[in-house]
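Colleague: Got a minute to walk me through this model? I'd like to start with the sheet.

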Amino acid sequence: MKVNGNTMLAAILLLCVTACRDKDTRLVTTINDDGTCCREYIFHSSPGGLMTPPEDSLKEQLLWVGPEWERTWTVEGDTTHHPVPITEEEYYSYMDRAKAAGKQPSDIIMLHVRRKFDSVEEMSKTFYHWDQVVATSELEKKFKWFYTDYTFTETFKNNRSDILRLPITDFMAADTASYWCTGQPDLSQDYNGAELKEMLDGIEVKVSQWLNANLMDRVCSSIASSYDEIPYPPMSKEQFEERCQTLVRLPRVINHSYLDDENGEGIKQDIDAYFHTDAFTTFPSYQRLVDHCIQDYTRGYNFFITSLFMNYDLVMPGTIIDAGIGRTVNDTVHYRLTSERLLPHEYAITATSRKVNIWAFIVTALVILLAIGSFVYRRR
């Protein structure tokens with residue numbers, strides 16, 4: 001088997017073409033002052049998804065949408081919502097317009113799925129990205145008489161640690177890993193363009209080393225799981241697994257672009273050289289095992305890194321006073337929610353808004369007026 005690719009990093013780049021095609025996907029979360037909330041997914045659906053009746057369940061974009069979700073569709077450049085299902089006549093009526101832009105009708109039609117919830121905790125349980133991402137939310141409400149502050153936090157956690165067992169922080173500082181994956185903390189301050197490129201090139205090398213080490217780790221784990229097939233192993237399984245912890249971090253391993261090799265030859269050479277024996281690379285199912293490891297690893301990582309890619313919009317009661325790492329535009333906080341942001345640690349979206357309590361000003365004014373009136377009345 002020949003796997004093409006210039007380097008390990010290039011083969012499974014964090015931002016790949018599949019993710020770029022989903023740049024229009026949006027998740028809009030609306031928090032109400034009474035604690036209720038609403039969630040709306042907006043994305044390009046397949047023709048079949050657009051034509052699915054509202055009473056039938058829909059599985060699109062890793063979303064499992066049941067009949068409890070309200071579904072509508074809109075066309076690019078028009079905010080008018082139309083009920084599903086779209087008819088074939090309606091769908092193909094946009095063919096000429098889509099072709100003029102080199103697209104298909106599904107590329108200019110957006111499906112909207114919307115649902116109201118009684119609490120943010122209930123809402124987070126419906127974050128539909130299979131089992132790979134877990135979301136939890138909380139809403140803190142602080143009453144301060146003249147105004148009320150609302151702080152909403154939603155935390156996303158990578159639930160697929162089996163894809164990359166070795167943490168990225170084993171190969172770079174925690175702040176560096178966080179900056180590469182999330183943009184925070186901002187390490188680019190006081191850097192000019194040339195200095196920033198030099199820094200990013202250095203981080204990219206370490207990311208590539210981390211990915212190489214994880215591929216070797218997967219191969220070693222697979223050999224260990226097939227240890228009974230090795231005719232005359234030179235050491236116990238436990239000793240093999242222990243020594244593999246050193247192997248996966250060797251310079252020759254982390255700097256080797258294994259995906260450039262024919263039939264995983266580089267992996268075989270490095271294992272043989274480290275253990276001074278070919279016992280671990282010549283048993284009958286070894287080649288099939290390595291081929292499967294490379295295919296499964298690249299496919300699994302690519303799927304994880306591209307499956308979650310959306311613009312996250314947050315609407316809060318009142319006026320935003322702290323957007324956290326987000327960007328506020330017209331009282332809406334904009335975030336970017338992608339899989340790579342979950343790699344170094346949990347990724348949290350937090351914002352605080354302030355809503356003025358008009359009634360508190362009225363009550364206060366009445367109390368003051370009554371106090372003044374009472375004082376004047378006693379003076380008389």
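Colleague: So how many strands form the open sheet, and in what order?

Modeller: Eight strands, in the order 6-5-7-2-1-10-13-12, with mixed pairing. Two strands pair if DSSP finds at least two bridges between them. Strands (E, at least two residues) and helices (H or I, at least four) are DSSP runs, numbered from the N terminus. Keep in mind that this is a predicted model: local features need pLDDT of at least 70, side-chain atom pairs count only at pLDDT 80 or more, and totals for chains, interfaces and linings use all residues. Residues are numbered from 1 along each chain as its sequence is written, and side-chain values use heavy atoms, with hydrogens and water left out.

Colleague: Which are the edge strands?

Modeller: Strand 6 (78-83) and strand 12 (327-329); each pairs on one side only. The twist from one strand to the next averages 25°, with axes taken as lines fitted to C-alpha atoms (for helices, over the stretch in contact) and angles running from 0 to 180 degrees between N-to-C directions.

Colleague: In what sense do strand 5 and strand 6 pair, parallel or antiparallel?

Modeller: Antiparallel, over three bridges, with strand 5 covering residues 70-75. Tryptophan 73 stands opposite histidine 82 of strand 6.

Colleague: Switching to the backbone: where does the peptide bond from valine 84 lead, and is it cis or trans?

Modeller: That bond runs to proline 85 and is cis, with omega near 5°. Proline 85 sits in the loop between strand 6 and helix 4 (88-92). There is also a cis bond joining glutamine 184 and proline 185, with omega about -10°. Proline 185 is in the loop between helix 8 (174-182) and helix 9 (193-225).

Colleague: What about tryptophan 145, is its phi positive or negative?

Modeller: Positive, near 65°, in a residue other than glycine. Tryptophan 145 is in the loop between strand 8 (133-143) and strand 9 (147-158).

Colleague: And why does tryptophan 145 count as partly exposed?

Modeller: Because its relative accessibility is 34%; buried means under 20% relative accessible area, exposed over 50%, and partly exposed in between (1.4 Å probe, protein chains only). Aspartate 331 also has a positive phi, about 65°, although it is not a glycine. Aspartate 331 lies in the loop between strand 12 and strand 13 (332-338) and is partly exposed at 43%.

Colleague: OK, the core. How many residues does the largest nonpolar core have?

Modeller: It has 49, and Ile223, Ile267 and Ile271 have the most contacts inside it. A nonpolar core here is a set of buried Ala, Val, Leu, Ile, Met, Phe, Trp, Tyr and Cys residues joined through side-chain atoms within 4.5 Å.

Colleague: Which elements give two or more residues to this core?

Modeller: Helix 8, helix 9, helix 10 (237-247), helix 11 (251-254), helix 12 (265-275) and helix 13 (286-307). Helix 9 gives the largest share, twelve residues.

Colleague: What does isoleucine 267 touch?

Modeller: Leaving out residues up to four places away in sequence, Leu215, Met216, Val219, Tyr258, Tyr286, Val290 and Ile294. Contact means heavy atoms within 4.5 Å. Another core, of 45 residues, lies apart from that one, and Val75, Val84, Leu308 and Met310 are among its members.

Colleague: Last one: where does phenylalanine 361 lie?

Modeller: In helix 14 (residues 358-379). Phenylalanine 361 is partly exposed, with a relative accessible area of 43%. Beyond residues up to four places away in sequence, phenylalanine 361 touches Phe146 and Val356.
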